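Q: Could you take me on a close look at one part of this model, and then walk outward from there to a few other places worth inspecting? I would enjoy one connected account.

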Amino acid sequence: MGLPPYPYRSHGAELPKSENEVAKPQKRRLARWLTPPFRDELPSFCQLCDDRKLDFRPLMEEPPEFRCNFRNCNGNCDVVEDTDLTDLEMKNAVYINDFSLQQAKVTKSECSLCRLLVGCANQTLQKDWLLYMSCVCILRPRYDRLGDKTKIIHRHQVWVEFQPIEGEIVFDMIYVNKFRSARKGRLVIPPTINLKLPKDWLQQCDQKHSHPAVPGALGSRMQAIINRGLFRAINTTTGSIETMTSIPKFIALSYVWGSAPEQSNYQSLESRPISAHAPTIRDAAIVAKSIGFKWLWVDRVCIDQTSRSEKAILIPYMKDIFAAAQLTIVAGCGDGAQSGLLGSPETPREGEKPIGLGSSVALLPVALPFSSVMDQSVWSRRGWTFEEFVFSRRLLFIFPSEAFFVCGTHTFRESAGRRPVIVNKGRVYRGIFGERSRSNTAELHRGIQRNPAKMSEVLEVETFIGALEEYTARNLTVEEDRVAAFAGVVIAALTNPMDEVSERALLRHGHPLRFFEILLTWQHFISERKTSTMLSKPFAPSWSWASSPMRANFHRVRNRLLLERDVFWFQYSFLRNHDVLGLPTEYNLTSHMIGLRLPDGLIMDQPWMKSVLDNLPPSHEARPSTSSSINDSLPLPKLHIITVVFDARFVHWTEPRRNPGEKHVLIPVGSTETGDDVYYKLPGNSLLTMEEWSIHPELQSRYSPDEISSRPLPFETFAIITGRGYYMERGGSQKPDELYYDLYIMLLDRTAQDNTYTRVGMTRLDAVKEGSYFVEVIKKGTPRWRHICII
């Protein structure tokens, strides 16, 4: 979304208070008032404002008819520009001339209008001297274009702006007169949620929405843990924890556990009265019971947290539990189980009080879109809550501002009452800070719920890596949960089911076979570094995206490899010990690029080939296991790959021109050249376009200039992981097109074992061709086809 015409346009998220209220500490946050909501419902004007005889009724009027004034248009233009909407709004605007901020500051304690305008001015005031000059205050309705047509709609909101001060504040508008339709504007949020609303939303969803039936595979997976006695639920009446013998109608709770001390005070599998549970769990049980559900599932309580084997069994089933629930309650309030659900009977919130403008109009804080409200919660930034959202059939979100109900078809919100929210009601061209109408996580949830029986079809490669990027930007209290908290998405992406042992092995790295080659190209998202500590023992292999505590990045893959998503340079399969094997395919262009043929017998002569299954089809995911036992000590899977490896000097280099930054440059073995020598020798910006190597954060110091120069071997080893070949047109009709390559190169670190390495970094060599600098670097680096093992 681009910046709006006025650079300080923002929401009126709260209304200003009167001076006789207790002051609270200021919060420096964009699009937030600095004070609690205004409490007087009836308008009270000072003598000056009353003498102005202001009429606010035009703010409620429907938009005037739009006619394009562009030359030669003849009124038939179907394009409504930002300026057109502003012009229409000005026709129904309310003007307050000669408005003095100094004077309003004196009368704001007795005048609701002055208090509102002073608060707005404080948000937009850029220079102190503007305080001492008169200005024009304009209140105008907010209009918008409906879809792609010329119909203009009223958003039931009001802009407040000052001239010549730049900036606008927007508020929601409610209609005081009863003759206005109740369907226009929005509702006032009370201190407690009317629990008849969630019950009504559920009934509407059951009666009017055509959701697909729960697939039989889900029931089979749920029955597997029920048969083991591992599915328990809280009785919402007694508070006791009972073991289920069949799949009940139940509600699941998605919430943030809180700090470690807070967790240590709470015992799992402990029956207690509802009132004795942690506030969030207590409130969820009360809400569940009030809307007609006997059972509530809470992971912290219903799973034996002291049993590693039980948790290991249930991790792959987390998505199934949330998918089987009739409803998931999302605790979007606070940062732990002690926060409660604001608006529930036991934890009331601060209700809204509108500020009146005359006898017809009142203003309320802006009811932000669902995605914007969700983004402000701690819950939306936690790793485990990602799949809890994605796989839940229906969700009741309880945020501090209001409650939302989301299913695969519609969204309801407390401020809209019983009617669903029309997400695409208008097309907003004038951006507002803090307003985001779309959530990638919500889009994935909607796609899966529309076709729950064929999740693998929804989770195609672009969707999967998009979900992975969004998930890895979240936080985890325990870094070892990196794959476990994403396990549901990994398993849902499989085209063929797995046995439990194979699932456990897959969840040691999180790479489904059909995406394996593309997932190997992950890099760190440089601009979003996370703080982390070096773990004493790795919990994922170095080649897996899960080995890094930072956000995974695949934007280069979207631009290149996905252009030919069905052409892979390697075919991957699982070995009997759950290691992964990658063999070159007929589409692998490495031999063509460097003129080095794959040796006959290199594949079949390897001893580990005896463990490869015969005649693996391309879509094979894993063989059925003969043992149903769960092994708590599965080793980290290794990646066996036959590819071209080569050596090269890895030289530290600082860019001398645009985009200043530090990089590492490949230089031929034996060469004494520096990065600057190569830069000035190559044509154009060949090195400037070279990308970051995305070296693991804990290993970056090992590749400093001093560390590299002190090593016994003056070069590093690299492997070609994948690539893409394409023809680039040349000028002139008589010249043949040239074949170019995009190569994805992995930087390897040797281990004590022969041909065994760890992954250190990854980069892409862009648009290389025969005879180019980087191809010559590879040819001079003793290129050889090798079986290597990456751990």
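A: Happily! Let's begin with a cross-strand pair: Trp-159 has Val-170 of β5 as its bridge partner. This is a predicted model, and every value below is computed from it.

On its other side, Trp-159 of β4 stands opposite Arg-140. The strand that holds Trp-159, β4, spans residues 152–163, and ten of its twelve residues are buried. With β3 (residues 134–145), β4 pairs in the antiparallel sense over nine bridges. With β5 (residues 168–175), β4 also runs antiparallel, joined by five bridges. The hairpin of β4 and β5 has four residues between the strands, and Gly-167 there takes a positive phi near 135°.

That backbone angle leads nicely to two other residues. Most residues other than glycine have a negative phi. Leu-269, although not a glycine, has a positive phi of about 60°. You will find Leu-269 in the loop between α7 (260–264) and α8 (279–290). With a relative accessible area of 34%, Leu-269 is partly exposed. His-578 is another residue other than glycine with a positive phi, in this case near 75°. The loop between β18 (570–574) and β19 (580–584) holds His-578. His-578 counts as buried because its relative accessibility, 17%, is under the 20% cut-off.

From Leu-269 we can step across to Asp-304, since the two residues are in contact. Asp-304 is in the loop between α9 (299–302) and α10 (308–314). Beyond its neighbours within four places in sequence, Asp-304 also contacts Arg-232, Ser-268, Glu-310 and Lys-311. Here is a detail to check on screen: Asp-304 is buried, yet it has no salt bridge. Arg-232 offers the nearest side chain of opposite charge, and it is 5.9 Å away. That distance is why the pair does not qualify, as a salt bridge needs a side-chain nitrogen of Lys or Arg within 4 Å of a carboxyl oxygen. What the side chain of Asp-304 does have is a polar contact of 2.6 Å with the side chain of Thr-306.

A second aspartate makes a good companion to this one. Asp-742 is in strand β23 (residues 738–750), and with a relative accessible area of 0% it is buried. Its side chain reaches a backbone atom, the nitrogen of Ala-767, at 2.9 Å. Asp-742 and Tyr-726 are 16 residues apart in sequence, and their C-alpha atoms are 8.5 Å apart in space.

Back at α8, look for Ser-290, which lies in that helix. Ser-290 counts as partly exposed, at 32% relative accessibility. The side chain of Ser-290 reaches the backbone oxygen of Val-287 at 2.7 Å. An α-helix has 3.6 residues a turn, so residues three or four places apart point the same way. Ser-290 also has a partner from elsewhere in the chain: Leu-195 is 95 residues away in sequence, but the C-alpha to C-alpha distance is 7.0 Å. Apart from neighbours within four places in sequence, Ser-290 is in contact with Leu-195 and Lys-199.

Glu-414 also touches residues such as Asn-194 and Leu-197. This glutamate is in the loop between β15 (411–413) and α14. At 4% relative accessibility, Glu-414 counts as buried. Its contacts beyond four places in sequence also include Leu-187, Ile-189, Pro-190, Thr-192, Ile-193, Trp-201, Arg-349, Glu-402 and Ala-403.

Following that loop onward brings us to α14 itself, which covers residues 440–450. Its buried residues are Thr-441, Ala-442, Leu-444, His-445, Arg-446, Ile-448 and Gln-449. Among the elements that cover them are the helices α13 (384–391), α15 (455–458) and α16 (461–472), along with the strands β13 (395–398) and β14 (403–406).

To finish, let's zoom out to the whole chain. There are 24 helices and 25 strands, and 55% of the 791 residues count as buried. Of the contacts with a separation of 6 or more, 74% come from residues 24 or more positions apart. The chain exposes about 35800 Å², with carbon and sulfur atoms supplying 50% of that area.

Technical notes. Residues numbered from 1 in each chain as written. Predicted model: local features only at pLDDT ≥ 70, side-chain atom pairs only at ≥ 80, totals over all residues. Heavy atoms only, no water. Helix = DSSP H or I, 4+ residues; strand = E, 2+ residues; numbered from the N terminus. Buried < 20%, exposed > 50% of the residue type's maximum accessible area, 1.4 Å probe, protein only. Contact = heavy atoms within 4.5 Å. Areas by Shrake-Rupley, 256 points an atom, 1.4 Å probe, with all protein chains shown as cover. Lys, Arg positive; Asp, Glu negative; His and termini not counted. Polar contact = N/O pair within 3.5 Å; in protein donor to acceptor, adjacent residues only side chain to side chain. Pairing = 2+ DSSP bridges.
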